[in-house]
Amino acid sequence: QVRLVESGGGLVQAGGSLRLSCAASGSIRRINAMGWYRQAPGKQRELVARITSGDGINYGINYDDSVKGRFTISRDSAKNTMFLQMNSLKPEDTAVYYCNADILGSGMVYSLSYWGQGTQVTVSS
């Protein structure tokens with residue numbers, strides 16, 4: 001069974017940094033895309049950053065305008081792991097951050113979308 005597990009969330013002061021990790025495990029043939037989404041209280045879930053790739057090749061990176069220049073998404077294809085380096089954090093970054101991946105499992109012919117359980121990021125002023 002394919003699983004996504006996030007880690008690295010916590011409480012940080014405004015201006016500080018956090019590094020989120022998402023580890024994908026299970027019978028994985030290929031990960032086509034991985035991304036970070038977040039949902040703040042009373043808000044819709046929104047895209048933070050996303051990497052589209054195929055067998056270790058990155059085809060594109062997309063950031064939400066609100067995090068450009070502050071957040072950096074990266075991926076270790078060999079370990080099926082994705083990271084989000086968050087710098088210059090603001091109180092409005094406070095949200096539950098979710099890992100998402102489009103994964104082709106071993107023996108499958110179609111990719112499926114998977115979600116992690118989320119990790120809480122709280123930025124105090």
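This tour moves from the whole chain to selected strands and residues.

The model is predicted: local features need pLDDT of at least 70, side-chain atom pairs count only at pLDDT 80 or more, and totals for chains, interfaces and linings use all residues. Residues are numbered from 1 along each chain as its sequence is written, and side-chain values use heavy atoms, with hydrogens and water left out.

**The whole chain**

Begin with the complete protein in a cartoon view. The secondary structure consists of 11 strands and 0 helices; helices (H or I, at least four residues) and strands (E, at least two) are DSSP runs, numbered from the N terminus. The order along the sequence is therefore β-β-β-β-β-β-β-β-β-β-β. The radius of gyration is 14 Å, close to the 14 Å given by the globule rule for 125 residues, so the protein is as compact as a globular protein of that length. That radius is taken over C-alpha atoms, and the rule is 2.2 Å times the number of residues to the power 0.38. The C-alpha trace spans about 50 × 25 × 25 Å along its principal axes.

Next, display the surface. Its accessible area is about 6700 Å², and 46% of this belongs to carbon and sulfur atoms; the areas come from the Shrake-Rupley method with a 1.4 Å probe, and for residues only the protein chains shown count as cover. Of the 125 residues, 39% are buried, where buried means under 20% relative accessible area, exposed over 50%, and partly exposed in between (1.4 Å probe, protein chains only). Among contacts with a separation of 6 or more, 56% join residues 24 or more positions apart; contact means heavy atoms within 4.5 Å.

**Strands β1 and β3**

Select residues 3–7, which form strand β1. In a regular strand the side chains alternate between the two faces of the sheet. In β1, L4 and E6 make up the covered face, and R3, V5 and S7 the uncovered one. Add residues 18–25, strand β3, which runs antiparallel to β1 and is joined to it by 5 bridges; two strands pair if DSSP finds at least two bridges between them. The bridge partner of L4 in β3 is A24.

**The β7–β8 hairpin**

Now select residues 71–76, strand β7, whose covered face holds F71, I73 and R75 and whose uncovered face holds T72, S74 and D76. Strand β8 (residues 81–86) pairs with β7 in the antiparallel sense over 6 bridges. Within this pairing, I73 has L84 as its bridge partner in β8. The two strands form a hairpin with 4 residues between them. In the loop between β7 and β8 lies N80, a residue other than glycine with a positive phi near 50°.

Continue past β8 to S88, in the loop between β8 and β9. S88 is not a glycine, yet its phi is positive, at about 50°. With a relative accessibility of 42%, S88 counts as partly exposed.

**Residue I103**

Finish at I103, which lies in strand β9 (residues 95–105). This residue is buried, with a relative accessible area of 1%. Leaving aside neighbours within four places in sequence, show its contacts: V2, L4, A24, I28, R30, I31, Y110, S111, L112 and Y114. Among them are L4 and A24, the bridge partners already visited in β1 and β3. As a last step, select W36: from C-alpha to C-alpha, I103 and W36 are 15 Å apart in space, and they are 67 residues apart in sequence.
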